[in-house]
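The following questions and answers go through one molecular structure, which is shown here.

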Amino acid sequence: MAFRTFAACLRWGGEAAAAYTMALEQEIAKRRTFGIISHPDAGKTTLTEKLLLFGGAIQKAGAVKSSKIKDHARSDWMEIEKQRGISVATSVMGFHYHDTKINLLDTPGHQDFAEDTYRTLTAVDSVIMVIDCVKGVETQTEKLMDVCRMRNTPVLCFINKLDREGRDPFELLDEIEEKLNIHVRPLSWPIGMGKGFRGVYSLYEKSLHLFTPSKTTVEEGIKIENIQDEQIGNLIGENNARQLRADVDLIEGVYPEFDVSEYLAGRVAPVFFGSAVNNFGVKELLDTFIRIAPVPLPRATTLRTIVPTEKKFSGFIFKIHANMDPKHRNRIAFLRVCSGKFERGSNYYHVRQEKSLRFSNATAFMAQDRETIDEAWPGDIVGIFDTGNLKIGDTLTEGEATTYTGIPSFSPEIFKEVVNKDAMKTKQLEKGLQQLMEEGVAQLFTYELGKKKVVGVVGALQFEVIQFRLKNEYNATVEFVSQNIYKACWISSKSPQKLQEFIASKQRHIATDKDGKLVFMAESKAWLQMVQDNFPDIEFHFTSEFTD
Ligand code: G4P
C-alpha cells in the first residue's frame with residue numbers, strides 16, 4: 001500500500017514536471033521582447049502607439065505620451081519629473097497580438113539619456129529601428145546600432161514618413177548599409193513618395209497595399225504573385241507599375257534572397273516602408289515581426305550560458321526607477337526573466353549580496369498599466385518594489401551563484417567634479433549620489449588621490465537632473481566643476497606588477513568606478529594614445545565589462 005502510494009507520488013511528480021516543462025516551452029514560444037529605437041522625431045512614439053492599437057492594448061490614438069524631453073523643456077524641472085513619471089508608465093508595454101505575447105521596451109529618445117537606452121537594449125531579444133525617409137540615418141541611430149552590434153541583436157528597419165518627399169529608397173538602403181554597417185534586405189517596396197505615394201508592394205507576402213492617408217481601419221493587401229500581372233497597372237497606374245517592376249527586378253538582382261537565419265544572427269536587417277502616423281505599413285511590419293523575430297534567447301553568465309527552457313528561474317535587473325514618490329524612498333527595479341518561471345512570493349537568491357530575498361511585491365506591465373502578477377515567463381519584464389537591495393546588473397536565481405554578463409557601463413562623454421556646497425548635508429549627499437548612480441543616472445568615479453568625486457554622463461542635461469534631484473530628494477546642494485577628461489578607461493593587465501607600476505606612475509589619473517574597478521581618466525585622445533604606447537602591458541577598455 002505504502003509502496004503504491006509512493007509510486008503514485010512519483011508518477012504524479014513526473015507528470016507535474018512534464019506539464020511544467022510543456023507550459024514553459026509554450027510560454028517561451030509565444031513571447032517576443034523587443035525595443036524600438038530611433039533618432040528623436042523619426043516616429044518611434046507614433047509607431048509604438050499604432051502597435052498598441054493593433055494589440056488592442058489602447059483604444060484610441062494619442063494615448064501614448066512621448067517619453068522624449070523636448071529641447072524647450074530643458075530647464076523645466078516639472079517637465080522632467082513628469083517625464084520620469086510617464087517613462088515609468090511606458091517603460092514596458094506588454095500586449096497580446098493573436099497568440100503572441102509582446103513585450104515592448106521603450107527607450108528614451110533624448111540623446112542625453114542614451115545610457116538608459118543602452119541598458120534597456122540588454123534586456124531585449126531584437127529591435128525595430130525607425131528611420132525617417134527624409135533625414136535618413138542620423139547620429140543617434142548610428143550609436144544605437146553600435147550597441148546592437150555588440151550583442152548581435154537582430155534588427156528590423158522601418159523606413160517611416162513615406163507620405164513626405166523623402167530620399168530615394170535605394171539611396172536610403174545604401175546609407176543604412178554603409179553607416180550602420182549591416183546588410184539590408186527590403187521586404188516591402190514603396191510605390192512613389194510624398195504626394196505621389198501610392199502604397200507598398202510586399203516582396204515577402206507578394207501583395208499590394210494601397211495607401212490612403214489617416215487610415216483607421218486596415219485593409220488586407222491584394223495578392224499579386226507575379227509582378228508582371230496587368231492588374232497592377234489598373235491599381236496604381238501604368239507609370240507606377242513600370243517603375244515598380246524595374247525596382248523589383250533590381251532588388252531581386254542586387255540583394256540575396258531573405259534568409260531568416262542571417263537576420264537572427266544580426267547580419268541582415270529586413271527593411272519595411274510605411275507611414276506610422278497614417279497607420280500604413282504597420283500591420284505588415286507587425287505580422288512579419290511576430291513570424292520572424294526571435295523568441296527569448298539564451299544568455300551568457302559568468303559560469304555558463306543559461307537557456308530559457310531551464311526549469312529554474314533566473315533573471316537580471318536592467319533598470320531602476322527611484323523616488324517617484326518623494327515621501328517614500330521607493331524604487332522599482334525592472335527584472336528581465338531569462339529562464340524558468342518567476343513566482344510572486346517566492347524566495348530567490350540575490351547573487352551579489354549572497355542572500356535569499358522574498359519577492360512578494362511584483363508587477364507586470366500591461367499596456368500602460370501596472371498590475372500585480374503571480375507569475376512571469378522568460379522574456380517578460382517584472383517590476384519589483386525595492387528598498388535598496390537591487391542594483392542594475394544584479395542577477396537573481398534559484399540558488400546558482402552565477403551572474404548575467406553583457407550589461408556593461410560605457411565610458412561617459414562629459415565629466416565634472418561634484419562639489420558639496422553644504423557641509424552639513426554631507427551624509428545626504430553621499431546617499432543621494434549613491435542612489436542616483438545605482439539608478440544609472442550617471443557614473444561616479446572616485447579618485448584614489450584626494451578622494452575627488454567626478455560624475456560622468458553621456459549628455460549635459462544629466463548634470464541638471466542630478467543637481468535638481470539631489471536638492472529635491474536629498475536636500476543636498478552641489479555644484480559641478482568641469483574636468484578636462486576625454487574618456488574613462490577601465491584598466492587591466494596580465495601582470496599584477498605592471499599594473500601596480502602603472503598605477504604608481506599615473507596616480508593622479510587613477511580612479512575607481514561604482515564597483516571598485518580601476519579606471520584611468522584620460523585627458524585627451526592623443527595623450528591616451530601616448531600612454532597606451534608607453535605601457536604596452538596595460539589594457540585599456542572603453543566599457544566596464546571585459547574579459548582578460
Ligand atoms: P519620436 O518618438 O521618434 O521622437 O517621434 P514621434 O513619434 O513623436 O514623431 C515625431 C513627429 O513626426 C510627430 O510630429 C509625428 O506626428 C510625426 N510623424 C510620425 N510618423 C509620421 C509619418 O508617417 N508621416 C509624417 N508626415 N509625420 C509623421 P510632431 O509635429 O512633432 O508632433 P505631433 O504634434 O504631430 O504629435
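Q: How far does a polar side-chain atom of Lys 161 lie from an oxygen atom of the ligand?
A: The model is a predicted one, in which local features need pLDDT of at least 70 and side-chain atom pairs count only at pLDDT 80 or more, while totals for chains, interfaces and linings use all residues. Residues are numbered from 1 along each chain as its sequence is written, and side-chain values use heavy atoms, with hydrogens and water left out. Between the polar side-chain atom of Lys 161 and the ligand oxygen, the distance is 3.1 Å.

Q: What share of the ligand's accessible area does the protein cover?
A: Accessible areas come from the Shrake-Rupley method with a 1.4 Å probe, and for residues only the protein chains shown count as cover. On its own the ligand has 710 Å² of accessible area. The share covered by the protein is 67%.

Q: Which residue places a backbone N or O atom 2.9 Å from an oxygen atom of the ligand?
A: The side chain of Asn 160 has an N or O atom 3.1 Å from a ligand oxygen. At 2.9 Å, the atom belongs to a backbone, that of Gly 43.

Q: Which element gives the most to the shell around the ligand?
A: The ligand is surrounded by 17 residues (each with a heavy atom within 4 Å of it), and the closest are Asp 41, Lys 44, Thr 45, Thr 46 and Ser 275. By type, the shell holds four nonpolar, seven polar and six charged residues; Ala, Val, Leu, Ile, Met, Phe, Trp, Tyr, Cys and Pro count as nonpolar, Asp, Glu, Lys and Arg as charged, and the others, Gly among them, as polar. The element that gives the most, with three residues, is α2.

Q: How many of the eleven residues of helix α2 are buried?
A: Helices (H or I, at least four residues) and strands (E, at least two) are DSSP runs numbered from the N terminus, and α2 spans residues 44-54. Buried means under 20% relative accessible area, exposed over 50% and partly exposed in between, with a 1.4 Å probe and protein chains only. Lys 44, Leu 47 and Phe 54 are among the buried residues of α2, and their cover includes β1, β2, β3, β4, β5 and α10. The helix is mostly covered, with a buried count of eight.

Q: Which side chain is joined to that of Lys 44 by a polar contact of 2.9 Å?
A: A polar contact is a pair of N or O atoms within 3.5 Å; within protein, one must be able to donate a hydrogen and the other to accept it, and residues adjacent in sequence count only if both atoms are side-chain atoms. The partner of Lys 44 sits in the loop between β3 and α4 (114-121), and its relative accessible area of 12% makes this residue buried. The side chain is that of Asp 106.

Q: In which strand is Thr 100 placed?
A: Thr 100 counts as buried because its relative accessibility is 9%. Leaving aside neighbours within four places in sequence, Thr 100 is in contact (heavy atoms within 4.5 Å) with Lys 30, Arg 32, Phe 95 and Ile 290. The strand that holds Thr 100 is β3.

Q: How many aromatic pairs does the structure hold?
A: Rings of Phe, Tyr and Trp (its six-membered ring) pair if their centres lie within 6.5 Å; planes under 30 degrees apart count as stacked, over 60 as edge-to-face and the rest as tilted. The total for the structure is 24.

Q: Why is the pair of Phe 34 and Phe 289 classed as it is?
A: The ring centres are 4.5 Å apart. Because the planes meet at 50°, the pair is tilted.

Q: How many residues apart in sequence are the parts that Phe 34 and Phe 289 tie together?
A: Phe 34 is buried at a relative accessible area of 1%, and Phe 289 is also buried, at 1%. Phe 34 lies in strand β1 and Phe 289 in helix α10, so the separation of the parts is 255 residues.

Q: What percentage of the residues in the protein chain is buried?
A: The protein chain has 14 helices and 31 strands. Residues 24 or more positions apart account for 71% of its contacts with a separation of 6 or more. Of the 548 residues, the buried part is 55%.
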